[in-house]
Amino acid sequence: MAARNPDVVLVTGASSGIGRACALHLARQGFHVFAASRRPAAELAGQLRALLPPSSQLDSVTMDVDADASVRSAMTQVETAAGRLDAVVNCAGFGIGGAIEDTADEEAHAILQTNLLGTLRVCRAALPILRRQGKGTLVLVSSIGGRMGLPFQGLYSASKFAVEGLAESLSMEVRGLGVRVVLIEPGDFQTGFTDRRARVRASNEESAYHEAFERALAVIEADERGGSTPEPIARLVERILLSSRPRLRYTIGPLPERLAVHLKSILPGRAFESVLRLYYRLNASRPACGSHVSGGRRG
Ligand SMILES: NC(=O)c1ccc[n+]([C@@H]2O[C@H](COP(=O)([O-])OP(=O)(O)OC[C@H]3O[C@@H](n4cnc5c(N)ncnc54)[C@H](OP(=O)(O)O)[C@@H]3O)[C@@H](O)[C@H]2O)c1
């Protein structure tokens, strides 16, 4: 294990995927990690500690980012136990698939509640501690879907575009107070995200979008399942926390997906839209018989 770094890091969404990889990697590197999820704290701590050397410092707190009282209580537990907080890595979140027209109000509220307002609650609860210390880092996990609207992931993209705006504004407000705000924009990674994706209830055979949605979703899921495991994101988070001057945003993932972000900045809007329509098989009038979707690369 590397030399102990005494920094205290709270990781949300630490029971699975990107958050879990970050919690384990940072604890192995000597950070004092507080792993948060909605699961009972003792259960999560036990599962993660079993994968760590005995000298690692990993504690757990129960936190539902949808509930302000839960976020504040967990933050108080961290501050009481550790006496400080150096960084927060906001990973809690989920996806939703379905046509925008088919999305009900409560489905839209649910994803904004967690992905946008959950991130806001956690940052808001951490900021008084970071301001008092005159130092700290807030890492917000956004998505490449927060840089470009993805078909049939409209509310997910909306939640991540909103996280991007929140982070840009917050960064300017707190920089003079010693607090750094960093966005991470992952492309497709293999995590629990794909199986947990909510599906818009009205995305059934009655929907005008049913066939196009199923074709696009098959491409999306194949790309996610074919992605890397999330350890590279955990190593990136470590580099960010150790950097004296981290950038505002880091895009990470398969090269074609990172290139798509650049392509969007240079192509006319309609031309870029055509590329995405082609990639997500939106041009076919009905599914090609026997060759549903094989999930190629974005580009
Ligand atoms: N995987 C990808 O390809 C990808 C790409 C771009 C961006 N992202 C983003 O990366 C972040 C992490 O996703 P992942 O891929 O690691 O997915 P994941 O494996 O499904 O993990 C999601 C985590 O979020 C937690 N969570 C969900 N709702 C919560 C809530 N209300 N309160 C507290 N915790 C909550 C879950 O914990 P419990 O359910 O145990 O509470 C779980 O630990 C998300 O923001 C996602 O949008 C993922």
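How are H1 and H8 oriented to each other? In this predicted model, where residues are numbered from 1 along each chain as its sequence is written, local features need pLDDT of at least 70, side-chain atom pairs count only at pLDDT 80 or more, and totals for chains, interfaces and linings use all residues. Side-chain values rest on heavy atoms, with hydrogens and water left out.

Helix H1 spans residues 17-28 and helix H8 residues 231-242, and their axes come within 8 Å and cross at roughly 55°. H1 and H8 are therefore oblique to each other, oblique being what is left once angles under 35 degrees (roughly parallel), over 145 (roughly antiparallel) and 65 to 115 (roughly perpendicular) are taken out. The crossing of H1 past H8 is right-handed.

As for who touches whom, H1 brings Ile 18, Ala 21, Cys 22, His 25 and Leu 26. On the H8 side, the partners are Glu 231, Ile 233, Ala 234, Arg 235, Val 237, Glu 238 and Leu 241, with contact meaning heavy atoms within 4.5 Å. Sorted by type, the residues of this contact come out as eight nonpolar, one polar and three charged.

Cys 22, one of the H1 residues that meet H8, also raises the matter of disulfides. The structure holds zero of these, a disulfide being a pair of cysteine sulfur atoms within 2.5 Å. For Cys 22, the nearest cysteine sulfur is that of Cys 91, 4.6 Å away, and that is too far for a bond. Cys 22 counts as buried (under 20% relative accessible area, 1.4 Å probe, protein chains only), because its relative accessibility is 0%. Cys 91, at 15%, counts as buried too.

Methods
Axes fitted to C-alpha atoms, helices over the stretch in contact; angles between N-to-C directions. Helix = DSSP H or I, 4+ residues; strand = E, 2+ residues; numbered from the N terminus. Left-handed = near helix turned anticlockwise from the far one by under 90°. Nonpolar A, V, L, I, M, F, W, Y, C, P; charged D, E, K, R; others polar. Buried < 20%, exposed > 50% of the residue type's maximum accessible area, 1.4 Å probe, protein only.
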